[in-house]
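Trainee: I've got a protein model open and I'd like to learn how to read it. Can you walk me through it?

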Amino acid sequence: MTAILSLRGVTKQYASGHKALGSVDLDVEEGEIFALLGPNGAGKTTLISIICGIVRASGGTVHVGGHDIVRDYRQTRATIGLVPQELSTDQFERVIDTVRFSRGLFGKPRDDAYIEKVLRDLTLWDKRHSKLQELSGGMKRRVMIAKALAHEPRLLFLDEPTAGVDVELRRDMWALVRQLRDNGATIILTTHYIEEAEDMADRVGVITGGELILVEDKARLMKKLGKKTLRITLNEPMSAVPAALSDWRVTLESEGAELEYVFDSQAERTGISALLGQLSALGIGYKDLNTKESSLEDIFVDLVHKPATRSEQAA
């Protein structure tokens with residue numbers, strides 16, 4: 001597929017000496033949903049701000065739709081739509097006016113039919129004549145999305161789009177994201193709700209400390225780095241793990257009522273049969289076995305806390 005976004009060696013260092021971004025390389029393919037994950041202060045918003053022309057990079061190049069964001073800034077900004085974290089609107093403007101104005105900013109001719117479609121898709125049509133100050137926080141966020149879509153961008157950035165939004169509205173927004181992707185838009189999102197990235201994204205990038213430590217297809221990432229956990233419910237609680245089980249690095253959970261064993265489901269030998277055999281040899285009875293697969297959140301936390309080790313494994 002064709003990369004709609006291409007970054008090479010992008011860095012950002014402020015006058016204070018703070019290095020917000022290391023050397024970032026990234027390609028995002030046209031038509032995909034790409035989730036950028038990272039803790040607060042990791043560099044997510046800085047990276048998005050550079051691509052969108054809000055912040056100037058200290059080094060490196062960024063191309064959007066084949067155009068350099070510095071040399072061909074008019075073309076690249078017309079290609080990009082941004083929904084920022086912060087709600088920044090004129091509180092006394094009407095919804096329909098602020099969305100129309102956003103379209104005009106990019107030199108697009110007036111298209112009332114398209115604006116109506118955007119507002120209807122976002123359940124804003126009935127509020128089109130309302131002033132922004134009259135809307136709830138969730139509705140204002142919908143307006144921000146409408147403004148970002150007004151000029152029909154091919155690349156849409158959603159920076160924490162569902163922060164502070166109720167569950168019902170969050171579901172509506174993600175239904176809209178799927179619809180946008182189905183209509184040909186490329187979506188790059190940052191989110192604290194990792195289950196959303198797990199549900200929505202085609203690929204995942206993890207950034208921490210200004211370094212992009214991993215970019216991987218979501219399904220492949222979960223298969224490669226995901227672990228499974230075996231929970232063994234004992235007949236009788238234990239006060240300590242017997243030394244004879246040290247080879248499996250099992251831990252006691254639930255006040256000694258369960259043994260937990262983490263294993264690699266892709267390994268040729270998981271060690272489960274040998275572990276159960278050893279329990280039998282020790283006369284340790286159990287009444288139930290349960291397995292749980294790692295979620296994307298588990299993998300993310302592990303990556304952020306052990307970046308060097310995990311990124312090497314993912315390479």
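Trainee: What percentage of the 315 residues in the protein chain do buried residues make up?

Mentor: Buried residues make up 45% of the 315 in the chain. Keep in mind that this is a predicted model. As for the parts list, the chain has 11 helices and 14 strands.

Trainee: And how do I read the contacts between residues that are at least 6 apart in sequence?

Mentor: Ask how far apart in sequence the partners sit. Here, among contacts between residues at least 6 apart, 69% join residues at least 24 apart.

Trainee: Let's take a helix. Which residues of helix α9 are buried?

Mentor: First the general idea. An α-helix has 3.6 residues a turn, so residues three or four places apart point the same way. Now the case: helix α9 covers residues 272-281, and its buried residues are Ile-272, Leu-275, Leu-276 and Leu-279. Looking down the axis of α9, you'd find these buried residues within an arc of 95°, so they line one face of the helix.

Trainee: Which exposed residues does the face of α9 turned away from the buried side carry?

Mentor: That face carries Ser-273 and Ala-281, both exposed. There's also an in-between case: Ala-274, which has its place in α9, is partly exposed, with a relative accessible area of 43%. Its C-alpha is 9.2 Å from that of Trp-248, although the two are 26 residues apart in sequence.

Trainee: What comes after α9?

Mentor: Gly-283 follows α9, and its phi is positive, near 75°. You can find a glycine with positive phi after other helices too. Just after α3, Gly-107 has a positive phi of about 75°, and α1 is followed by Gly-53, with a positive phi near 80°.

Trainee: Which residues other than glycine have a positive phi?

Mentor: Two to look at are Thr-123, with a positive phi of about 55°, and Ser-254, with a positive phi near 55°. Thr-123 is in the loop between α4 and α5, while Ser-254 is in the loop between β12 and β13. Check their accessibility as well: Thr-123 counts as exposed because its relative accessibility is 52%, whereas Ser-254 is partly exposed at 43%.

Trainee: Now a loop residue on the other side of the scale. Is Leu-245 buried or exposed?

Mentor: Leu-245 counts as buried, because its relative accessibility is 0%. This residue sits in the loop between β11 (228-234) and β12 (251-253).

Trainee: Which residues is Leu-245 in contact with, leaving aside its neighbours within four places in sequence?

Mentor: Leu-245 is in contact with Val-250, Leu-259, Leu-275, Gln-278, Leu-279 and Leu-282. You've met two of those names already: Leu-275 and Leu-279 are among the buried residues of α9. The C-alpha atoms of Leu-245 and Leu-279 are 8.1 Å apart, with their positions 34 residues apart along the chain.

Trainee: How do I read a pair of helices? At what angle do the axes of α3 and α5 cross?

Mentor: Look at distance, angle and handedness, then at the residues in the contact. The axes of α3 (residues 95-105) and α5 (residues 137-149) come within 7 Å and cross at roughly 30°. An angle under 35 degrees counts as roughly parallel, so α3 is roughly parallel to α5. Their crossing is right-handed. Val-95, Thr-98, Val-99 and Ser-102 of α3 meet Val-143, Ala-146 and Lys-147 of α5. By class, that contact has four nonpolar, two polar and one charged residues.

Trainee: What covers the buried residues of α3?

Mentor: The cover includes α4 (112-121) and α5. The buried residues themselves are Val-95, Ile-96, Thr-98, Val-99, Ser-102 and Arg-103.

Trainee: Let me try the next pair. How do α5 and α6 cross?

Mentor: The axes of α5 and α6 (residues 167-182) come within 11 Å and cross at roughly 10°, which means that α5 is roughly parallel to α6. This crossing is right-handed. In the contact, α5 supplies Gly-138, Arg-141, Arg-142, Ile-145 and Leu-149, and α6 supplies Leu-169, Asp-172, Met-173, Leu-176 and Leu-180. Sorted by class, that gives six nonpolar, one polar and three charged residues.

Key: Residues are numbered from 1 along each chain as its sequence is written. This is a predicted model: local features need pLDDT of at least 70, side-chain atom pairs count only at pLDDT 80 or more; totals for chains, interfaces and linings use all residues. Side-chain values use heavy atoms; hydrogens and water are left out. Axes are lines fitted to C-alpha atoms, for helices over the stretch in contact, and angles run from 0 to 180 degrees between N-to-C directions. Helices (H or I, at least four residues) and strands (E, at least two) are DSSP runs, numbered from the N terminus. Angles under 35 degrees count as roughly parallel, over 145 as roughly antiparallel, 65 to 115 as roughly perpendicular and the rest as oblique. A crossing is left-handed if the near helix is turned anticlockwise from the far one by less than a right angle, and right-handed if clockwise. Contact means heavy atoms within 4.5 Å. Ala, Val, Leu, Ile, Met, Phe, Trp, Tyr, Cys and Pro count as nonpolar, Asp, Glu, Lys and Arg as charged, and the others, Gly among them, as polar. Buried means under 20% relative accessible area, exposed over 50%, partly exposed in between (1.4 Å probe, protein chains only). The arc is that of the directions from the helix axis to the C-beta atoms.
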